[in-house]
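Let's take a walk through a protein model and look at what its side chains are up to. Keep the 3D view open and turn it as you read.

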Amino acid sequence: MKSSAEKWKSHSHLVARYDFETDPGPLRVLPNRSSRRDDGLRGSIIGANWSSGRWPDKGALDFKRPGDRVRIEVPRAAKSVTLIAWLRIDGLEKGFQSILLSDGWDRPGAFHWQIHRDGYLELGVWHGDQNVTPNSQAIFEMQPADFGRWMQLAVVYDGDKKSVTHYRDGEVLGEVPLPVVVPIAIGKAEIGNWSPPPQDARQIRQFNGRIDELLFFDTALTPAEIGAAYENGKP
């Protein structure tokens with residue numbers, strides 16, 4: 001079986017394609033396998049261990065310890081973005097669990113995509129207006145059977161429509177209007193964790209589980225495209 005990323009590898013707006021497959025290269029490097037082949041977007045694996053993914057011959061990274069993370073840098077900004085991740089949640093002990101978070105906060109376009117244990121998905125984008133919330137949330141319920149099960153999560157930040165849409169397994173969980181739109185500037189960031197400013201060092205947001213695919217597009221994919229990505233990638 002092939003990763004759902006195979007279907008998208010030639011997409012003109014696919015910036016980064018992390019398929020979490022090991023290869024003969026360095027085991028602490030997560031290659032960017034988009035058609036652009038931008039080596040500057042490869043990740044540095046810190047702590048997280050290689051494991052099995054959605055099917056027996058699929059690779060994944062297992063995030064368990066507070067230091068487990070993948071460091072990346074996305075230097076370019078974009079008016080609209082889509083992120084699609086295949087992951088397995090093993091626990092929700094922390095208040096927040098990181099999927100992809102920019103370093104720090106308090107700068108225009110900083111991007112925080114995370115799961116809250118109180119039952120919602122959140123995309124935070126800093127826009128500089130202290131009087132308007134930077135967070136877009138959607139209800140995300142986890143049943144006991146959902147822990148240890150592979151699922152696809154996706155989020156679309158649409159600068160033209162001025163909205164954020166959250167998805168789970170190809171289905172819309174919620175669409176939130178954006179009161180303020182700024183270009184997304186992920187910059188230096190982490191998959192599966194967060195490096196907060198020194199004054200917030202106690203705010204650990206480690207992900208507890210496995211990730212075996214992450215796609216980053218610099219455009220807003222349609223609901224049909226998100227659904228197709230799920231159908232092509234489900235185990």
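## Rings, cores and charges

This model holds 3 aromatic pairs, and keep in mind that the whole model is predicted. A pair of aromatic rings is described by the distance of the centres and the angle of the planes. Let's see two of them.

Start with Phe-63 and Phe-207, which meet edge-to-face, with 6.2 Å from centre to centre and 75° between the planes. This pair links distant parts of the chain: Phe-63 belongs to strand S5 (residues 59-63), while Phe-207 is in the loop between strand S15 (187-191) and strand S16 (209-217). Along the sequence, the two are 144 residues apart. Are these rings buried or exposed? Both Phe-63 and Phe-207 are buried.

Now find Trp-86 and Tyr-230, a stacked pair with 5.7 Å between the centres and 15° between the planes. Here, too, distant parts of the chain are linked, since Trp-86 is in strand S7 and Tyr-230 in helix H2 (residues 223-233), 144 residues apart. Trp-86 and Tyr-230 are both buried.

One more ring has a charged visitor. The charged end of Arg-205 sits over the ring of Phe-96, at 4.9 Å from the ring's centre.

## The nonpolar cores

Next, look inside. The largest nonpolar core has 45 residues, and the ones with the most contacts within it are Phe-111, Trp-113 and Ile-191. Which strand gives this core its largest share? That is strand S7 (residues 81-89), with 5 residues. Another core lies apart from this one and has 10 residues, including Leu-14, Tyr-167, Leu-215 and Ile-226.

Zoom in on Phe-111 and you can pick out who is around it. Setting aside neighbours within four places in sequence, its contacts include Val-81, Leu-83, Leu-100 and Leu-101. Further along the chain, Phe-111 also contacts Leu-123, Gly-124, Val-125 and Val-155, among others.

## Opposite charges

Side chains of opposite charge can pair when their charged atoms come close. How many salt bridges does the structure hold? There are 17 salt bridges, and here are three of them.

| Salt bridge | Closest N to O distance |
|---|---|
| Lys-79 and Asp-160 | 2.7 Å |
| Arg-168 and Asp-146 | 3.0 Å |
| Glu-231 and Lys-234 | 2.9 Å |

Take Lys-79 and Asp-160 to begin with, which form a salt bridge at 2.7 Å. The pair links distant parts of the chain, 81 residues apart: Lys-79 is in the loop between strand S6 (69-74) and S7, and Asp-160 is in the loop between strand S12 (150-158) and strand S13 (163-168). Why does Asp-160 count as exposed? Its relative accessibility is 59%, and exposed means over 50%.

The salt bridge between Arg-168 and Asp-146 is at 3.0 Å, N to O. Arg-168 lies in strand S13 and Asp-146 in the loop between strand S11 (135-139) and S12, so this bridge ties together parts that are 22 residues apart in sequence. Buried means under 20% relative accessible area, so Arg-168 counts as buried at 14%, and so does Asp-146 at 12%.

Glu-231 and Lys-234 also form a salt bridge, with their closest N and O atoms 2.9 Å apart. Glu-231 is partly exposed at 47% relative accessible area, and Lys-234 is partly exposed at 33%. Elsewhere, salt bridges with shared partners join Asp-62, Lys-64, Arg-88 and Asp-90 into one network.

## Two loop residues

Finish with two residues in loops. Where is Asp-68? Asp-68 is in the loop between S5 and S6. With a relative accessible area of 3%, Asp-68 is buried. The side chain of Asp-68 reaches the backbone nitrogen of Arg-65 at 2.8 Å. Not counting residues up to four places away in sequence, Asp-68 touches Asp-62 and Phe-63, among others, and its list also includes Ile-46, Gly-192 and Asn-193. You have met two of these already: Phe-63 in the edge-to-face pair and Asp-62 in the salt-bridge network.

Gly-148 is in the loop between S11 and S12. At 39% relative accessibility, Gly-148 is partly exposed. Which residues does Gly-148 touch, not counting residues up to four places away in sequence? They are Arg-88, Ile-89 and Asp-90. For a sense of distance, Gly-148 and Ser-102 are 46 residues apart in sequence and 26 Å apart in space, C-alpha to C-alpha.

Technical notes: Residues are numbered from 1 along each chain as its sequence is written. This is a predicted model: local features need pLDDT of at least 70, side-chain atom pairs count only at pLDDT 80 or more; totals for chains, interfaces and linings use all residues. Side-chain values use heavy atoms; hydrogens and water are left out. A nonpolar core is a set of buried Ala, Val, Leu, Ile, Met, Phe, Trp, Tyr and Cys residues joined through side-chain atoms within 4.5 Å. Buried means under 20% relative accessible area, exposed over 50%, partly exposed in between (1.4 Å probe, protein chains only). Helices (H or I, at least four residues) and strands (E, at least two) are DSSP runs, numbered from the N terminus. Contact means heavy atoms within 4.5 Å. Rings of Phe, Tyr and Trp (its six-membered ring) pair if their centres lie within 6.5 Å; planes under 30 degrees apart count as stacked, over 60 as edge-to-face and the rest as tilted. A charge sits over a ring if NZ of Lys or CZ of Arg is within 6 Å of the ring centre and within 35 degrees of the ring normal. A salt bridge is a side-chain nitrogen of Lys or Arg within 4 Å of a carboxyl oxygen of Asp or Glu. A polar contact is a pair of N or O atoms within 3.5 Å; within protein, one must be able to donate a hydrogen and the other to accept it, and residues adjacent in sequence count only if both atoms are side-chain atoms.
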